[in-house]
Amino acid sequence: MRRKIKKVAVLGAGVMGTGIAAHMANCGIPSVLLDIVPRASEEDEKKGVDVKSPAFRNRLATDAVKAAIKNRKPIPAFYHDGFADLITCGNFDDHMDWLKECDWVIEVVVENVDIKRKVFANVEKNMKAGAIISSNTSGLPITGMVEGRSEAFKKNFLVTHFFNPVRFMRLLEIVSGPDTDPEIVDFLAKFGTDILGKGVVFGKDTVNFVANRIGVYGIMRTMKEMLDEDYSIEEVDAIVGPPMGRPKTAAFRTADLVGLDTLMHVTQNCFDNLPDDEAREIFEPPAFVKKMIENKQLGNKTRGGFYKKDKEKGLLVIDHKTGEYRPKEKVRIDSIGVAKNTENLADRLKAFVAADDRAGKFAWNVSSDSLIYAGMRIPEIADDIVQVDNGMKWGFNWEMGPFEAWDAIGVTESCERMKKEGKSLPPIAEALLASGGKSFYKEEDGKKMYFDLASKGYKPIPVDPMEIDLGALKKTGREIEGNSGASLIDLGDGVLCCEFHSKMNSIDGDTIAMINRGLDLCEESDDWKGMVIGNQGENFCVGANLMLIFMSIQQAKGMEDPKEVAAMWDTLDETIKALQDALQRCTYSPKPVVAAPFGMTLGGGMEISMGADAMCAHADLFMGQVELGVGVIPGGGGNKELLIRHLEGIPEKAQNVSLIPYLQLVFEAIGMAKVSMSAHEAQALNFLRPTDKIVTNKAHLLGAAKNMVLGMALAGYTQPMERKLSLPGEMGFGTFKMVIDSMAKQHQITEYEQEMATKLSRVLTGGKTSPTVPVSEQYLLDLEREVFIDLCKQEKTQERMQFFLMNNKPLRN
């Protein structure tokens, strides 16, 4: 049977249900979102609301979608607000027959097995024959949920556990039941990976499945150590966050985000339903947490949990001994400071758990028990360690899964220490050591292998053909050239990749040099079909190396000889021009160049992306020209490229077309430092062209970009012709200046913002030109570079740069 998902039903319009429906819409899949019919309130009766109207009866689902559109923090549920139109809202009483049109029905109602059974009984009466049915339960057993259902229903039933926020969290746990058709599992795994962009983990039908079982154990073990050894909450979060490769939210901030009631529900589920778990007592909620829940101190949703913001006192933290809030204290422990300055995670973690101080002891005690616990869960919760490691990375945002972390600290040494402390090793660790293995993972003939408990040997990790691992390619000799800022890597099939690897992938001379070298190689040989500009860092590129620019400015300020000062400014000008020239080469190379931006793609990162022939962007793209925040305008071609993107749709011979509205959009994008919250928003802002590709699965990004290069080459790529632009010149500048001056008089912008806006409008209107005199790209590049350097010379800009470098946020002056 060849399956297709053309329409989905989501049953339950809570946060998770609405998030799932929103993400289906993000991926172009229409859905129906159903919930119960609300009870009429006294307020409804006073207003005379028609309780029989669809508006009232569908209100829970409708209001949920409206809330999802409105709430853009921490990240919008929709890639673009317009995608909400793909959701049809209804209710369980009136619209269950809509299920006959749906290929996949996802249940997301309250975590109560009796309620779920009733829902599934109703689903079976109304569903389309052969449709897939799944539950988003976070831990209820499948056998209980499908009790009383037909064999055909059970065959098509499984758990698909999404993580919140659905759009942003990569993990999708798939759990099959005893009667589930394996074809359904395979189909949804591929659909989840290729269409929804998820990382799929296969779990077993056990309490809380994979990620929550391990993650919640870690949080509860952390709490126990804190209480037993008398640590403060802020001390604990300073220890179990970035120093250990975990998110900045660490343990207690994460709990506040999730909600203490939700966390304790999962914890209680473990305690109640795992009578044979060797660490069952760990899952019993501590008394002080139970008290917090009684007091409705549930975290961010009640504006107070383990942490609480106070307008006068700042950030407060709860004292677990007294139950009272107090000001958060600064944590100063030597090993934490060392960890912060150790970039390599494996080195950092190994040194941290070995440190003989308060933080190191805590880290070791919690880590060692957590590693043993994870090891004991194989094969109970999953067949292999890869599922567990991926679950923790994709569901809890750990940089390393537990078995990867075990390798990092040294399996042999850590196991010896555990045994000296009287701890029992899990069977998988014993089997690894007995086999002579020294790590849970290893590389063999360019393939990454994992230790398998069942066979007591190594097996290759399955590889998705669309995934490209730059690190693995480097290890197999595919790095052609490299420097401290970037590398050139052979992706195969004649496609080159220019990979950035400077700090935060910021742009410097090494980056520019490697872009040029990549173009040289492509243009010198027919063996190369084109180049991808991409990497696999945390973000694509945060822009130019601001510290280098600021240091150049400071050097110029410290010089007394006017010739030396002029030479220093000339050097900075040449540096900016080098970036401009490299990006012009990308645009007009005889070989195709595709940029693969993702995550933060700011300032120069956006300029590099726009300089390529095309973009293959990840859906979670936070792109913008944000330079005005540090007192300058884009200098690497950003003004020019945004002008081209906004004006290229105007017919060449069109007459009496006012360019001002188009230029206003560019001005607003740069002047207001607009940053897209998705690639689709970037497309709507004209940062991406309609022909650029958007990829949902980040792991597929480089593979898709490579295929774009191959497709362009196969189609007979021809070198583009340079473009000329007709701009309004002095008359247009006068219009902009009038508005800017008016805003300054009304105190809507500061005096220096007025000056920056005036200089920006001068560039965007083309300087001393007129609509009848088209200007070249080089003319615009020279103009924007001239203004960039001029702004760098201003004291106010230097203040902004210094403030940003010290505080990581813009200054208004």
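# Sheets, spaces and buried residues in a predicted model

Helix α9 (residues 182-194) lies across five strands: β4 (104-107), β5, β6, β7 (171-176) and β8. Its direction makes about 175° with that of β7. This structure is a predicted model.

## The eight-stranded sheet

The strands under α9 belong to an open sheet of eight strands. Their order is β3-β2-β1-β4-β5-β6-β7-β8, and the pairing is mixed. β3 (87-91) and β8 (199-203) are the edge strands, and each pairs on one side only. From one strand to the next, the twist averages 25°.

Inside this sheet, β5 (residues 132-135) and β6 (residues 157-162) run parallel and are joined by three bridges. Ile133 has Phe157 of β6 as its bridge partner. A further helix, α4 (residues 59-70), also packs on the sheet. Helix α4 touches β2 (31-35) and β3, and its direction makes about 150° with that of β3.

## A three-stranded sheet and a hairpin

Three strands, in the order β9-β10-β11, form an open sheet with antiparallel pairing. Why does one side of β9 and of β11 lack a neighbour in the sheet? β9 (307-310) and β11 (325-327) stand at the edges with a single partner strand each, so one side of each is left free of a neighbour. Neighbouring strands here are turned by 40° against each other on average, direction ignored. Strand β10 (residues 314-318) pairs with β11 over three bridges, in the antiparallel sense. Leu316 is bridged to Pro327 in β11.

Next comes a hairpin. Strands β12 (residues 441-444) and β13 (residues 447-452) form it, with two residues between them. The two strands run antiparallel and share four bridges. Glu444 has Lys447 of β13 as its bridge partner. In the turn, Asp445 has a positive phi of about 55°.

## A covered strand

How many residues of strand β21 (residues 614-618) are buried? Five of its five residues are, so the strand is mostly covered. Ala614, Cys616 and His618 point one way from β21. Met615 and Ala617 point the other way.

Strand β21 pairs in the parallel sense with β19 (residues 593-595), over two bridges. β21 also pairs in the parallel sense with β23, over three bridges. Ala595 has Met615 of β21 as its bridge partner, while Cys616 is bridged to Lys693 in β23.

## Two buried residues

His700 sits in the loop between β23 (693-695) and α30 (701-714). Is His700 buried or exposed? His700 counts as buried because its relative accessible area is 6%, under the 20% cut-off. Residues touching His700 include Thr193, Asp194 and Met466. Asp464 also touches His700, and their side chains are joined by a polar contact of 2.7 Å.

Asn639 is in helix α27 (residues 638-647). Asn639 is buried because its relative accessibility is 0%, again under 20%. Leaving aside neighbours within four places in sequence, its contacts include Ile633, Pro634, Leu760 and Glu784. With Glu784 there is a side-chain polar contact of 3.1 Å. Asn639 and Asp35 are 604 residues apart in sequence and 48 Å apart in space, C-alpha to C-alpha.

## Empty spaces

Rolling a probe the size of a water molecule over the atoms shows where empty space is left. The structure holds two cavities of 30 Å³ or more. The table sets the largest cavity beside the second largest pocket.

| Space | Volume | Lining | Nearest its centre |
|---|---|---|---|
| Largest cavity | about 180 Å³ | 19 residues | Arg246, Leu349, Ser367, Leu371 and Ala405 |
| Second largest pocket | about 640 Å³ | 18 residues | Ile650, Pro651, Glu652, Lys724 and Ser726 |

Which elements give two or more residues to the lining of the largest cavity? They are α10 (211-229), α16 (345-354), α17 (358-376) and α19 (402-409). Helix α19 gives the largest share, four residues.

For the second largest pocket, α27 and β24 (724-725) each supply at least two lining residues. Helix α27 is also the place of Asn639.

Terms used. Residues numbered from 1 in each chain as written. Predicted model: local features only at pLDDT ≥ 70, side-chain atom pairs only at ≥ 80, totals over all residues. Heavy atoms only, no water. Buried < 20%, exposed > 50% of the residue type's maximum accessible area, 1.4 Å probe, protein only. Polar contact = N/O pair within 3.5 Å; in protein donor to acceptor, adjacent residues only side chain to side chain. Contact = heavy atoms within 4.5 Å. Pairing = 2+ DSSP bridges. Axes fitted to C-alpha atoms, helices over the stretch in contact; angles between N-to-C directions. 1 Å grid on protein atoms, 1.4 Å probe; cavity = no way out; pocket = protein on both sides within 12 Å on 5 of 7 lines; lining within 4 Å. Points joined across faces, edges and corners; volume = space filled by probe spheres on them.
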